[in-house]
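Here are some worked exercises to try with the viewer open. Have a go at each task before reading its solution.

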Amino acid sequence: MTTRWVQRIAGEGPRFGMWLASGSGYIAEICAGSGIDWVLVDQEHAPNDIHSTLAQLQVLAGYPDVDVVVRPPVADPVLVKQLLDIGAHNLIVPMIGSPAEATAVVAATRYPPAGIRGVGSTLARASRWNRISDYLVTEDHRVSVTVQVESTAALAVVGDIADVDGIDAVFIGPADLAASMGKLGRPEHPEVVCAIENALATIVERGKSAGVNAFNETLARRYLAAGASFILVGADVTLLARGAEQLVARYRQPPP
């Protein structure tokens with residue numbers, strides 16, 4: 001059994017996504033109604049805690065056609081457990097640098113004996129407070145795990161990371177990868193782009209879905225051609241910032 005998200009990113013056609021970094025359920029709902037394929041509720045680089053993430057999951061439940069992915073700030077089994085308990089089913093875990101780290105992430109999402117996830121379904125939204133009678137024996141199959149690879153060391157073993165049992169997809173982080181390559185702040189540098197394209201091809205060759213973020217449309221389409229099947233093409237805060245700037249610039253132009 002695989003989650004709908006895993007089926008969709010492995011199917012025909014790319015899945016276009018949007019970052020939710022504002023920490024606002026109101027903005028999350030605006031974005032979800034746009035027709036976007038998926039959204040990423042981010043805790044790593046955004047002011048989202050367990051409470052704001054829960055609020056957004058509740059809002060996004062009203063948009064069943066939109067796939068929801070959550071990124072914890074770090075590969076911590078306690079944080080992973082909390083996210084799963086509040087109803088996150090699809091995780092992107094950042095800064096994974098080796099097959100061993102990927103294996104540990106998978107273990108954090110599985111109940112014993114397959115993993116180390118603590119049992120608290122009586123208190124969990126995910127089990128509907130134990131109203132889902134078979135939750136504990138079926139939950140492992142409701143969770144997807146995507147690991148984020150974003151360093152030169154990780155790229156060197158990206159195929160081995162993709163091969164880890166329980167890893168459904170691998171996502172490339174261009175910003176940190178660029179920094180790791182000595183190109184801080186230049187994720188569109190040709191050497192970085194080439195490295196990402198090669199990594200995407202390797203992931204696909206290993207039979208796993210590959211993803212990346214690229215707000216530059218030309219670059220995004222290059223990554224799709226290289227094998228990416230899911231891609232982040234924008235962010236709520238970026239759209240608001242650039243839109244606000246463009247509005248102000250229009251009205252500060254001298255009148256004709």
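**Exercise 1. A pair of charged side chains**

Which side chain meets that of D67 in a salt bridge? Please keep in mind that this is a predicted model.

Solution.
- Step 1: Look for the partner. The side chain of D67 forms a salt bridge with that of R8, at 2.9 Å from N to O.
- Step 2: Place both residues in the fold. D67 belongs to strand β3 and R8 to helix α1 (residues 4-10), so this pair ties together parts that lie 59 residues apart in sequence.
- Step 3: Check the cover on D67. The cut-off for buried is under 20% relative accessible area. D67 has a relative accessible area of 3%, so it is buried.
- Step 4: Do the same for R8. With a relative accessible area of 24%, R8 is partly exposed.

**Exercise 2. Other salt bridges**

Find out how many salt bridges a search of the whole structure gives, then examine two more of them.

Solution.
- Step 1: Start with the total. The search of the whole structure returns 16 salt bridges.
- Step 2: Go to E139 and R142. Their side chains meet in a salt bridge with an N to O distance of 3.7 Å. E139 is buried at a relative accessible area of 0%, whereas R142 is partly exposed at 27%.
- Step 3: Turn to R221 and E217. The closest N and O atoms of this salt bridge are 3.1 Å apart. Both residues sit in helix α11 (residues 217-226), 4 residues apart, which is about one turn of the helix. E217 counts as exposed, with 52% relative accessibility.
- Step 4: Look for shared partners. R4, R8, R15, D37 and D67 are joined into one network by salt bridges that share partners.

As background, side chains of opposite charge can pair when their charged atoms come close.

**Exercise 3. The surroundings of strand β3**

Describe how strand β3 (residues 67-71) is covered and how it pairs with strand β2.

Solution.
- Step 1: Count the buried residues. In β3, 5 of its 5 residues are buried, and the strand is mostly covered.
- Step 2: Separate the two faces. D67, V69 and R71 lie on one side, V68 and V70 on the other, and all are buried.
- Step 3: Follow the pairing. Strand β2 (residues 38-42) and β3 run parallel and are joined by 5 bridges. As one point of contact, V39 has V68 in β3 as its bridge partner.
- Step 4: Trace the connection. From β2 the chain passes through helix α3 (residues 50-60) to β3, in a right-handed β-α-β crossover.

**Exercise 4. Strand β7 and its two partners**

Work out which strands pair with β7, and whether its residues are buried or exposed.

Solution.
- Step 1: Check the cover. In strand β7 (residues 209-213), 5 of the 5 residues are buried, so the strand is largely enclosed by the rest of the structure.
- Step 2: Sort the directions. S209, G211 and N213 point one way, while A210 and V212 point the other way.
- Step 3: Inspect the pairing with β6. Strand β6 (residues 169-172) pairs with β7 in the parallel sense over 4 bridges, and F171 stands opposite G211 in β7.
- Step 4: Inspect the pairing with β8. β7 and strand β8 (residues 230-235) run parallel, with 3 bridges between them. N213 has L232 in β8 as its bridge partner.
- Step 5: Trace the connection. The chain goes from β7 through α11 to β8, and this β-α-β crossover is right-handed.

**Exercise 5. Loops, surface and a record**

Locate V119 and P187, then compare your view with the UniProt domain span.

Solution.
- Step 1: Find V119 in the loop between α5 (99-108) and α6 (135-138). V119 is exposed, with a relative accessible area of 58%. Together with L136 and V137, V119 makes a nonpolar surface patch of about 300 Å².
- Step 2: Find P187 in the loop between α9 (174-180) and α10 (190-205). P187 is partly exposed, at a relative accessible area of 28%. P187 and P174 are 13 residues apart along the chain, and their C-alpha atoms are separated by 5.3 Å.
- Step 3: Consult the record. An unreviewed UniProt entry lists residues 15-241 as "domain: HpcH/HpaI aldolase/citrate lyase". In the model, this span is 40% helix and 18% strand, and its end C-alpha atoms lie 24 Å apart.

Notes: Residues are numbered from 1 along each chain as its sequence is written. This is a predicted model: local features need pLDDT of at least 70, side-chain atom pairs count only at pLDDT 80 or more; totals for chains, interfaces and linings use all residues. Side-chain values use heavy atoms; hydrogens and water are left out. Buried means under 20% relative accessible area, exposed over 50%, partly exposed in between (1.4 Å probe, protein chains only). Helices (H or I, at least four residues) and strands (E, at least two) are DSSP runs, numbered from the N terminus. Two strands pair if DSSP finds at least two bridges between them. A crossover is right-handed if, with the strands pointing away from the viewer, the path from the first strand over the helix to the second runs clockwise. UniProt positions are given in the numbering used here, feature names are shortened, and annotations may be inferred rather than shown by experiment. Patches are made of residues with over 30% relative accessible area and no salt bridge: like charges are joined within 9 Å, nonpolar side chains (Val, Leu, Ile, Met, Phe, Trp, Tyr) within 5 Å. Accessible areas come from the Shrake-Rupley method with a 1.4 Å probe; for residues, only the protein chains shown count as cover. A salt bridge is a side-chain nitrogen of Lys or Arg within 4 Å of a carboxyl oxygen of Asp or Glu.
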